[in-house]
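Biologist: I am new to this structure and would like a close look at a single part of it. Could you take me through one residue and its surroundings, and then place that part within the rest of the chain?

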Amino acid sequence: MLQQILRDMYIDPELLAELNEEQKQILFYKMREEQLRRWKEREEKARMEEAMLRKTARRSQSNGKHVQWLRGKDGEVWVWVMGEAPGDKPYEQISEELIAERARQQAQKEAEELWRQKEAEITKKFRDAMAQEKARIVAEKWKIEIEDRKAAKLEEEKIQEELKKREEEERQKGEEQIRQQEEIRAKELYLSLKQAQQHSQHSDDDQEWEEQLRRSKAADEERSHKARRARDEYRRQSLRAIQKGRVAGLSNLFQGASLNNDQEIKLNNNSASPLQPLSAASSNIWERPSRPFSQDVIIRWFKEEQIPRRAGFERNTNRIAQWFHGIISRQEAEELLMNKSEGTFLVRVSEKIWGYALSYRQQSGFKHFLVDASGDFYSFLGVDPNRHATLTDLIDFHKEEIITSSGGELLLEPCGQQKNPPDYSPLFE
């Protein structure tokens, strides 16, 4: 099953949900290794194909059009880096000019707004003054004779010219004040923008960059820690298997191990039950589906493939092991282990894969490990690279050796049956 996952680079979400954190990390580590192997193989193939194409192109297109790079005096390809070539402005100068232009535009905009206000005030001021003066002259000269009205008209025009002159002088004075204010404001804005840029570069950007860098480093360290732990676990399991010398052999280990037709199996729940005959093989040809899809198929698989391999039996006896259970769910397994001590375990037939699930009681809850039995050996899916000849060998092995270094799981106490008949009865009927 692991080979199929690595070949397809896909794992069914339901199957992934059955894996615990250690199994997931080991499985992801193996999948990443396979990805890297494929990538290197693909890159090498692409490199060879590219070299072949270049060689072919040189022969077939020696007289054809081609691209020729401009080269410098040193014979290398000529490269122009903006800001470093002769005549280019340095970055600092470009930045200073951009800031100065930005400040000038902002000051000019503010000055135009001030001038509009000032111009409106001046216009209103002299319009009101002229209206008042005109009203005064009209009131005073209204009753004067026609000869005197000409003099009044001349006086009015003289006053208007004087007022316009004063208005023009005040306008020029106002424009000069606005221009001076614009220059002062441009300098203030320039200094303000310059300080803001420096402060932003040394405070906000630094803080944001440091925070992003901290989060990135933390994530990298966490991923590295998980990957390192997965690699160490994989190597530890492999070395342990070599040291213990319990790696399963080829399938010929199981030749001759099948039960005869006249053998009897004792079904027990801490006590022996009446013997029942066992059929070693079915009369129909068994073709296993890619995945279990019903309990009937699982039962047939167990009877035709697992019973001949003595799955669930105690070593060297025909008694069902106390830790063995039938097709029960994860929830039912946790209910059986609920009031048990740490290290208590059971093995149940899986509904997700051709194999089993080992449910383990730890101090803070439960753990579930999938056991792959689709080949001629038994091994934890994604955790333990050791291949065991029988299911009992796997259980006995981990009574002495922990399953994962991070969890330190040792199989200490088997969890027996709480039902009568036992939940594995349909497997042996």
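Modeller: What follows is a walk around one arginine, and then a short tour of other places in the chain. Please keep in mind throughout that this is a predicted model. The residue I have chosen is Arg-361, which has its place in strand S4, a strand that covers residues 355-362. Which side chain of opposite charge is nearest to Arg-361? That side chain belongs to Glu-342, and it is 8.0 Å away. A salt bridge asks for a side-chain nitrogen of Lys or Arg within 4 Å of a carboxyl oxygen of Asp or Glu, and Arg-361, although buried, has no salt bridge. What its side chain does reach is the backbone oxygen of Leu-337, at 3.1 Å. Leu-337 also appears among the residues that Arg-361 touches once those up to four places away in sequence are left out, and with it come Met-338, Lys-340, Ser-341, Glu-342, Gly-343, Thr-344 and Phe-366.

From there we can turn to the backbone, where a few residues deserve a careful look. Most residues other than glycine have a negative phi, and most peptide bonds are trans. Arg-310, which is not a glycine, has a positive phi of about 60°, and it is found in the loop between helix H6 (295-306) and helix H7 (330-337). Asn-316 is found in the loop between H6 and H7, and its phi, near 65°, is likewise a positive value in a residue other than glycine. Asn-316 counts as exposed because its relative accessibility is 75%, whereas Arg-361 is buried. Elsewhere, a cis peptide bond with omega of about 10° joins Asn-420 and Pro-421, and Pro-421 is found in the loop between strand S7 (413-414) and helix H9 (425-428).

The interior can be described through its cavities, of which there are three of 30 Å³ or more. The second largest cavity has a volume of about 50 Å³, and its lining includes Met-130, Glu-133, Glu-156 and Leu-163. Helix H4 (91-141) and helix H5 (146-244) each supply at least two residues of that lining.

As for the whole, the secondary structure of the protein chain comes to nine helices and seven strands. Buried residues, of which Arg-361 is one, make up 32% of the 429 residues in the protein chain. Finally, among contacts between residues at least 6 apart in sequence, 59% join residues at least 24 apart.

Terms used:
Residues numbered from 1 in each chain as written. Predicted model: local features only at pLDDT ≥ 70, side-chain atom pairs only at ≥ 80, totals over all residues. Heavy atoms only, no water. Helix = DSSP H or I, 4+ residues; strand = E, 2+ residues; numbered from the N terminus. Buried < 20%, exposed > 50% of the residue type's maximum accessible area, 1.4 Å probe, protein only. Lys, Arg positive; Asp, Glu negative; His and termini not counted. Polar contact = N/O pair within 3.5 Å; in protein donor to acceptor, adjacent residues only side chain to side chain. Contact = heavy atoms within 4.5 Å. 1 Å grid on protein atoms, 1.4 Å probe; cavity = no way out; pocket = protein on both sides within 12 Å on 5 of 7 lines; lining within 4 Å. Points joined across faces, edges and corners; volume = space filled by probe spheres on them.
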